[in-house]
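Me: I would like a careful look at one part of this model, with the cut-offs behind each term spelled out. Please work outwards from that part to its surroundings.

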Amino acid sequence: MWMVLSSSPQTQIHNTITTQTCCHHLQSKPKTTRITFPFKLKCQQQEQHQQSNSSLKPKTQDDGIPIEDVKTLAKFKSRHNYIRVLEVSRKADHPFRGSRLLLLDNPGNIHSISFLFKTLTNTYFDVFATIPPIIPNGPIAVLGFGAGSTARILLNLYPDTVVHGWELDPSVIEVAREYFNLSKIERENKQRLFVYVGNALTASLEGGFSGILVDLFSEGSLIPELQEAATWEKLRKSLKKGGRIMVNVGGSCVEAEDKVRDGNVVMEETLKAMRMVFGEKLFVLRLGNRGDDSSLALTGDFPEIETWKNKLPSSLRCYVGLWKPYSG
């Protein structure tokens, strides 16, 4: 059961909420709600740099949103999560205008973002969407389905893609169907989208996956299993020949419920565990103003850059050149 809240400022946002999907922060003040991604994807950074000579700079994800432009649609506790759904008004002067956000955990991690009138999000979900051209034909697994942000982008951009998603919390899937159009997406893609409730680390499919996208956080941190080489060996065995894994490995932007689990430390432990399995076939894409706010990892031989770019929608090509070999 979940509680629908009123739209008054007092009930929409509490005094201090930090949010991230690794890693997105939401903070509120008496008159302004800050929904910020401490990193900006570099495509966006470059665009802003080109506009830096303008006397009127465009709003960025770091700018606050007036409290009256943010509405809480749902707020409740499930067995696994503290769940909140926020909606940002289409009239808001902010990059998140017209979006809905799924917040989980006590720190308020944003696990999904969905826009009413556009597919891409200007977040790491867009980077996930660059994987289809560099994997063999076949199904893609999304481990940590959330409200379906990754699946939605993949299904919209790649008509032949089949997605299998795993989410531990059934309440998250209920919220996704109610507030993030997942029911409609499932109806329209009956042979292309399959959603399972259960432990994502048990995901398997006869014949294997062509690609695996890993976005597994709990209590504001990457799950501990991802710091174990045995986990990555198991996932590697779930791939078809030539398949790849792309992972949201977090970074300094992560604010865990357990303060001992520092985001950067957990990220490096995760990458080192992956290195034990994938060796030199491991690449990292760093996001953020400090270069380590958040990172993604990619396994396999590095693709030929121009071929990869040419197979991507133009709006995603800028991410290809940002990958670097993981040096440890």
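In which sense do β6 and β7 pair, and over how many bridges?

Reply: β6 and β7 pair in the antiparallel sense, over 6 bridges, where two strands count as paired if DSSP finds at least two bridges between them. The model is a predicted one, in which local features need pLDDT of at least 70 and side-chain atom pairs count only at pLDDT 80 or more, while totals for chains, interfaces and linings use all residues. Residues are numbered from 1 along each chain as its sequence is written, and side-chain values use heavy atoms, with hydrogens and water left out.

The strand itself, β6, covers residues 99-104, and 5 of its 6 residues are buried; buried stands for under 20% relative accessible area, exposed for over 50% and partly exposed for what lies in between, with a 1.4 Å probe and protein chains only. Strands (E, at least two residues) and helices (H or I, at least four) are DSSP runs, numbered from the N terminus. On the β7 side, Leu103 stands opposite Ile110. β6 also pairs with β5 (residues 82-88), again in the antiparallel sense, through 4 bridges, and there Leu102 of β6 stands opposite Val85. As general background, the side chains in a regular strand alternate between the two faces of the sheet.

Ser99 is a useful residue to follow, as its place is in β6. Ser99 counts as buried because its relative accessibility is 0%. Its contacts (heavy atoms within 4.5 Å), leaving aside neighbours within four places in sequence, are with Leu86, Glu87, Val88, Ile113, Ser114 and Phe115. For one of these partners, Leu86, which is 13 residues away along the chain, the C-alpha separation from Ser99 is 8.3 Å.

Ser114, another of the partners of Ser99, belongs to strand β7, residues 109-115. With a relative accessibility of 12%, Ser114 is therefore also classed as buried. Apart from neighbours within four places in sequence, Ser114 is in contact with Gly98, Ser99 and Arg100, and also with Arg152 and Phe180.

Arg152 leads on to helix α4 (residues 149-157), where it is one of the buried residues, together with Ser149, Thr150, Ala151, Ile153, Leu154 and Leu155. Because 7 of the 9 residues of α4 are buried, this helix is largely enclosed by the rest of the structure.

Glu87 and Val88, which Ser99 contacts, are also touched by Asp69, whose contacts beyond four places in sequence include Ser89 and Ala92 as well. Asp69 sits in the loop between β3 (64-66) and β4 (70-77), and its relative accessible area of 16% is why it counts as buried. The C-alpha atoms of Asp69 and Arg90 lie 8.2 Å apart, although 21 residues separate the two along the chain.

Two loop residues deserve a note on backbone geometry. Most residues other than glycine have a negative phi, and most peptide bonds are trans. Asn122, in the loop between β7 and α3 (124-128), has a positive phi, near 60°, and is partly exposed, since its relative accessibility is 34%. Asn181, in the loop between α5 (170-179) and α6 (182-188), likewise has a positive phi near 60°, and its relative accessible area of 41% makes Asn181 partly exposed.

For the wider setting, the protein has 9 helices and 17 strands, and 57% of its 328 residues are buried. Of the contacts between residues at least 6 apart in sequence, 68% join residues at least 24 apart. The accessible surface is about 14800 Å², 48% of it belonging to carbon and sulfur atoms; these areas come from the Shrake-Rupley method with a 1.4 Å probe, and for residues only the protein chains shown count as cover.
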